[in-house]
Amino acid sequence: MSNKDIEEVLDRNIKILWEELWREKIYSNQEIEEWLTNYNTDIDKIHAKFLLSKFTYFGHKEVYEMLKSLYRDKIKYPLVREIRKANKDTTNLQFINNEFKEKLNKVRFLGIGNPSESGIHLLYFFRQINKLSKNLFINGHEFLTDRESLHDIDEIIFIDDLCGSGSQASRYSKSIVCKLKEIKPNLKISYYVLIATKLGIGNIIDKDLGFDNVSAVFTLDNSFKCFHNDSRYYKNCNNEITAKKGISLCEKYSASMTYSNIKEPIIPTGYGDSQMLLSFFHNTPNNTLPIFWFEDENHNWYPLFKRYPKIYSMK
């Protein structure tokens, strides 16, 4: 199969993805063409197109469905099962609904991170989609300043969009979770995330960060790591398209990527060597290959799935 034939196949696949899935993020095909101008050679452009053809984008609809699933499968159904088990497997719907409301009123939902980050951002949609009372949502630090507010709370549930390495959950555990457990040792604390790597979930569980439940709507194994030996992306590929060449592409073009005024390193294969090919409508994680999202005013790289990095100080 010639390079021209490969490129024609990739162009068709990308066209379908743009028309069906990416339009709310990539407004015109011209944006894709502009992104391809970042690459210096025809073979580099072919490989960039190959990686793009494997990219997963979670728009509003997909994220909303995951938020519904998270509430239903991780929170509502387990509570209903608990109620039925404690009451001789009752099928009395009115009784079950009343008990469920009572138990839910003793739960509080929090996001991971500060109020500007994506975990908090998702809570707004989570509340709306699942028709939950705003009284069930509170800032974690409020519990630390008002310890009496924990008196009638049985469970705190942290919600996040992505768990890559588990490092953010680890940092947040030290600042909030452990302190909450000190105040109320029998408090149940759960961490639920929309998408997580198997490694990230494992790290949180192995480090015993204080979470009683840790779970994801979708868990990604090593086959979702772009350049891993078990990668699903490079199976049955032409000899011109290999994982080794993909890594070289990322290293080549990431070598000069540096932020002008943000202290965040650019890792060619994504933060924590996550090697991800995904983006959400609200942001692109740094676990994704930076060739898709990097942008800086002093660097002429054009991003396709933009990322809005965290700025910790203004100077």
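## Close-ups of a predicted model

**View 1. H2 and H3 are oblique to each other.** That label follows because angles outside the parallel, antiparallel and perpendicular ranges count as oblique, and here the axes of H2 (residues 29-36) and H3 (residues 42-53) cross at roughly 135°. This is a predicted model, so bear that in mind for every view here. The two axes come within 10 Å, and the crossing of H2 past H3 is right-handed. Look for Ile32, Trp35 and Leu36 on the H2 side. Across from them, H3 brings in Lys45, Ala48, Lys49 and Leu52. Sorted by class, this contact comes out as 5 nonpolar and 2 charged residues, with no polar ones.

**View 2. H3 also meets H10, and this pair is roughly perpendicular.** The axes of H3 and H10 (residues 243-254) come within 10 Å and cross at roughly 105°. From H3, the residues to find are Asp44, His47, Ala48 and Leu51. H10 answers with Lys245, Gly246, Leu249, Lys252 and Tyr253. The class count for H3 with H10 is 4 nonpolar, 2 polar and 3 charged residues. Ala48 is worth a second look: this H3 residue is in the contact with H10, and it turns up in the contact with H2 as well.

**View 3. Four strands make an open, parallel sheet.** Read across the sheet and the order is S2-S3-S4-S5. Which strands stand at the edges? They are S2 (107-111) and S5 (213-220); each has a single partner strand, so one side of each has no neighbour in the sheet. Going from one strand to the next, the twist averages 20°. As a reminder, strands of a sheet pair through backbone hydrogen bonds, either parallel or antiparallel.

**View 4. Here S3 and S4 pair up, with helices packed on the sheet.** S3 (residues 155-163) and S4 (residues 188-197) run in the parallel sense, paired over 8 bridges. To pick out one of these, start at glutamate 155 and go to its bridge partner in S4, lysine 188. H8 (residues 167-183) packs on the sheet, where it touches S2, S3 and S4. The direction of H8 makes about 175° with that of S3. H4 (residues 60-86) lies across S2, S3, S4 and S5, and runs at about 145° to S4.

**View 5. H4 and H5 cross obliquely.** Their axes come within 10 Å, with a crossing angle of roughly 120°. As for its hand, the crossing of H4 and H5 is right-handed. H4 supplies Tyr71, Lys76, Leu79, Val80, Glu82, Ile83 and Arg84. On the H5 side you'll find Phe95, Ile96, Glu99, Phe100, Lys103 and Leu104. By class, the residues of this contact split into 8 nonpolar and 5 charged, with no polar ones.

**View 6. Two loop aspartates have positive phi values.** Most residues other than glycine have a negative phi. Where does aspartate 89 lie? This residue is in the loop between H4 and H5, and its phi is near 55°. For aspartate 208, phi is near 50°. Aspartate 208 lies in the loop between H9 (198-206) and S5.

**View 7. Confidence runs from H7 at the bottom to H5 at the top among the elements of the chain.** Mean pLDDT over the protein chain is 91, and 95% of its residues reach 70 or more. Which element has the lowest mean pLDDT? That's H7 (residues 140-145), at 73. H5 (residues 93-104) has the highest, at 98. Where pLDDT is low, the predicted coordinates should not be read in detail.

Conventions: Residues numbered from 1 in each chain as written. Predicted model: local features only at pLDDT ≥ 70, side-chain atom pairs only at ≥ 80, totals over all residues. Heavy atoms only, no water. Axes fitted to C-alpha atoms, helices over the stretch in contact; angles between N-to-C directions. Helix = DSSP H or I, 4+ residues; strand = E, 2+ residues; numbered from the N terminus. Parallel < 35°, antiparallel > 145°, perpendicular 65-115°, else oblique. Left-handed = near helix turned anticlockwise from the far one by under 90°. Contact = heavy atoms within 4.5 Å. Nonpolar A, V, L, I, M, F, W, Y, C, P; charged D, E, K, R; others polar. pLDDT = per-residue confidence, 0-100. Pairing = 2+ DSSP bridges.
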